[in-house]
Amino acid sequence: MLCDILTSTNKTLKRKEKAMREEKIIKFTKIILDIMYFSGMIVVVTLPFTLKLAGEYYSVAIAQNYYKMLVVFAASSIFGIFILGQLRKMMKTVICDDCFVWQNVKSLEIMSVCSFSISILFILKVFFVPTPATLIIILVFFIAALFCIVLSCVFRQAINYKEENDLTI
């Protein structure tokens, strides 16, 4: 009897510790997303200047293709900010402990379009400044787009199950 009580108390403490750890991870992730979101805005605003400097001091190819590079990087940055904005929205649903909502499905679909758009922009970049890093970026964002599509399907199905279950109860 005493052993059962101690075991039960131990399990409760472990659950509370795990919940506290998860809460810290969620808060940390939210802070990182916020920092990335707002610093991304600064990057977009300063991009014409920083790209010009990179063309002068780093690579002649950047200077020769300044406007093309500016379009690719600025558009990609804006899509990246949209992705971070959607992640921030989704994080709010995690904080509120209500993840399986239609808004998250929509956010994942928006993120897939943005990721795919970044891939297309960097495919265009290959034609005027081809680099191995460009090919990696194309692949990473294409995989991210596929991941978001699959995850949106999973969320959609989970929401349907949840709504069905709510109607049953």
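**Notebook: F116, salt bridges, rings and cysteines**

**Entry 1. The nonpolar patch**

I began with F116, which is partly exposed, with a relative accessible area of 40%. I note at the outset that this is a predicted model.

I then looked up where F116 sits, and I found F116 in helix α4. Which residues make the nonpolar surface patch? I list F116, I120, I123, L124, F127, F142, L146 and I149, and the patch they make covers about 760 Å².

I next asked which helix gives the most to this patch. The answer is α4, with 4 residues. Helix α4 spans 102-126 and helix α5 spans 132-168, and each of the two supplies at least two residues of the patch.

F142 is another member of the patch, and I looked up its exposure as well. F142 is partly exposed, with a relative accessible area of 37%. A residue must have over 30% relative accessible area to be taken into a patch; F116 at 40% meets that condition, and F142 at 37% meets it too.

**Entry 2. Aromatic pairs**

I looked up the ring contacts and recorded 5 aromatic pairs. One of them joins F73 and F122, with centres 6.0 Å apart and 40 degrees between the planes, a tilted arrangement. F73 belongs to helix α3 and F122 to helix α4, so this pair ties together parts that are 49 residues apart in sequence.

Are F73 and F122 buried or exposed? F73 is partly exposed, at a relative accessible area of 22%. F122 has a relative accessible area of 6% and is therefore buried, the limit for that class being under 20%.

I then returned to F116, whose ring pairs with that of F142. Their centres are 6.1 Å apart and their planes stand at 50 degrees, so I recorded the pair as tilted. F116 lies in helix α4 and F142 in helix α5, so the contact ties together parts that are 26 residues apart in sequence. The patch of Entry 1 includes both F116 and F142.

**Entry 3. Salt bridges**

I turned to the charged side chains. Side chains of opposite charge can pair when their charged atoms come close. How many salt bridges does the model hold? The count comes to 5.

I first examined R88 and D34, whose closest N and O atoms are 2.7 Å apart. R88 is in helix α3 (residues 66-95) and D34 is in helix α1 (residues 2-57); the pair links distant parts of the chain, 54 residues apart. I found both R88 and D34 to be buried. I also recorded a network of salt bridges that links K30, D34 and R88.

I next examined K162 and D98, whose side chains meet in a salt bridge at 3.4 Å, N to O. K162 is in helix α5, while D98 is in the loop between α3 and α4, and the two are 64 residues apart. K162 is partly exposed at 34% relative accessibility, and D98 is likewise partly exposed, with a relative accessible area of 34%.

The salt bridge between R156 and E109 came next, with the closest N and O atoms 2.4 Å apart. R156 lies in helix α5 and E109 in helix α4, so the pair ties together parts that are 47 residues apart in sequence. R156 is partly exposed at 29%, and E109 is partly exposed at 28%.

**Entry 4. Charges over rings**

Which ring lies under the charged end of R88? It is the ring of Y37, and the charged end sits 4.4 Å from its centre. R88 also forms the salt bridge with D34 noted in Entry 3. In a second case, K52 lies over the face of Y66, 4.2 Å from the ring centre.

**Entry 5. Cysteines**

How many disulfides does the structure hold? I recorded 0 disulfides. C96 is in no disulfide, and the nearest cysteine sulfur is that of C99, 9.4 Å away. C99 is in no disulfide either, its nearest cysteine sulfur being that of C96 at 9.4 Å. Why does the pair not count? A disulfide requires sulfur atoms within 2.5 Å, and the sulfur atoms of C96 and C99 are 9.4 Å apart.

Finally, I looked up the exposure of these two residues. C96 is exposed, with a relative accessible area of 60%, whereas C99 counts as partly exposed at 24% relative accessibility.

Conventions. Residues numbered from 1 in each chain as written. Predicted model: local features only at pLDDT ≥ 70, side-chain atom pairs only at ≥ 80, totals over all residues. Heavy atoms only, no water. Patch = residues over 30% accessible without salt bridge, like charges linked within 9 Å, V, L, I, M, F, W, Y side chains within 5 Å. Areas by Shrake-Rupley, 256 points an atom, 1.4 Å probe, with all protein chains shown as cover. Salt bridge = Lys/Arg side-chain N within 4 Å of Asp/Glu carboxyl O. Buried < 20%, exposed > 50% of the residue type's maximum accessible area, 1.4 Å probe, protein only. Phe/Tyr/Trp six-rings, centres within 6.5 Å; stacked < 30°, edge-to-face > 60°. Lys NZ or Arg CZ within 6 Å of the ring centre and 35° of its normal.
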